[in-house]
Amino acid sequence: MKRIFITRPLPAPVIAEAEKHFRVEVREKTTPLTRTERRAAMALYDGIVPTLGDNFNEQVLQGGPHRCKILANFGVGYNHIDADFAAENGICVTNTPGALTDATADIALMLMLMTCRRAAEGERMVRSGQWEGWHPTQMLGLHLSGKRLGIVGMGRIGQAIAKRAHFGFGMEVAYFNRSPKKVDVPATQLKSLKTLAANVDVLVISVPGGTNTKHLIDADILAVMKSHAHLVNIARGDVVDENALITALQTGQIGGAGLDVYENEPDVPAALLKLNNVTLLPHLGTAALEVRTAMGMLAVENLRAFFEGEGLPNPVN
Ligand code: DGY
């Protein structure tokens, strides 16, 4: 039986499924693998199920051939894995798209509402005993229904966000995508990210992370946004220049932000923690048991297909 290493505890049905096919070792820690653990895993196991934070970069993957021939990532985002270098060295990388599209889009809508309607700020007020009762001009936020939404990255998750925003909230949707993309939600593709940013009330980021998108949302993009507009990031933290965002929030250059991801997770800059006009979630995008179970099942299915010589459901390289 092939030896598989699962780098974090996963829902029990996923482990049970993996054990039907493989000799499985599950690491009980919830923290990212250390470099020594990553190197050892490459030598000891036939396949690894890594996840966010398990940095399988060139330094870890070099020096092969390794025993490990497949990194079946748990998650859709795989910017912690050097997939090109892996491919050059005969290591296959797969991910788990599809299983998490709706859950991640839901979190985007949640953050849009939370930041526009000041939900977290209101909750802090209630919990701290500062609420003095309802009055007509208290905590006025941005009404979301009918407003203009800009989506950066119109993949599966971007389209699921568009659907919810358009059909649920009557929002007018525009988007920026590297390549021309036709979608089956009423939405307009714009050629320039700057034009999109300048013309929407809410800008949501749903592009993959990695070197191509690092600081795609920088000071120049934030500078053209409307002063009442909100930025929502459910993608990867480093797509947004966090320092530039802090400045934009501190100076009122934009109305607010809703973040599920950060440049150096789990570190959240103290300056962000101090601000009232930002909603901060702990990377909750896929955090529901059935979603995490479906993601795990897909990772196991990728492993099974790989070792049985079948076509891979979700290859990334
Ligand atoms: C994903 O699937 O990429 C989520 O962000 C969790 O890693």
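Two exercises with worked solutions follow on a predicted model.

Residues are numbered from 1 along each chain as its sequence is written. In this predicted model, local features need pLDDT of at least 70, side-chain atom pairs count only at pLDDT 80 or more, and totals for chains, interfaces and linings use all residues, while side-chain values use heavy atoms, with hydrogens and water left out.

**Exercise 1.** Identify the residues around the ligand and the polar atoms close to its oxygen atoms.

*Solution.*
Step 1. The residues around the ligand (one heavy atom within 4 Å) are Leu 52, Gly 75, Val 76, Gly 77, Leu 100, Arg 236 and His 283.
Step 2. For polar contacts (pairs of N or O atoms within 3.5 Å), Val 76 places a polar backbone atom 2.7 Å from a ligand oxygen. Arg 236 has a polar side-chain atom 2.8 Å from an oxygen atom of the ligand, and a polar side-chain atom of His 283 is 2.8 Å from a ligand oxygen.

**Exercise 2.** Locate the cis peptide bonds that precede Pro 65 and Pro 266.

*Solution.*
Helices (H or I, at least four residues) and strands (E, at least two) are DSSP runs, numbered from the N terminus.
Step 1. The peptide bond from Gly 64 to Pro 65 is cis, with omega near 5°; Pro 65 sits in the loop between helix H3 (58-61) and strand S4 (70-72).
Step 2. Glu 265 and Pro 266 are joined by a cis peptide bond with omega about 5°, and Pro 266 belongs to the loop between strand S11 (256-259) and helix H11 (270-274).

Note on methods. A polar contact is a pair of N or O atoms within 3.5 Å; within protein, one must be able to donate a hydrogen and the other to accept it, and residues adjacent in sequence count only if both atoms are side-chain atoms.
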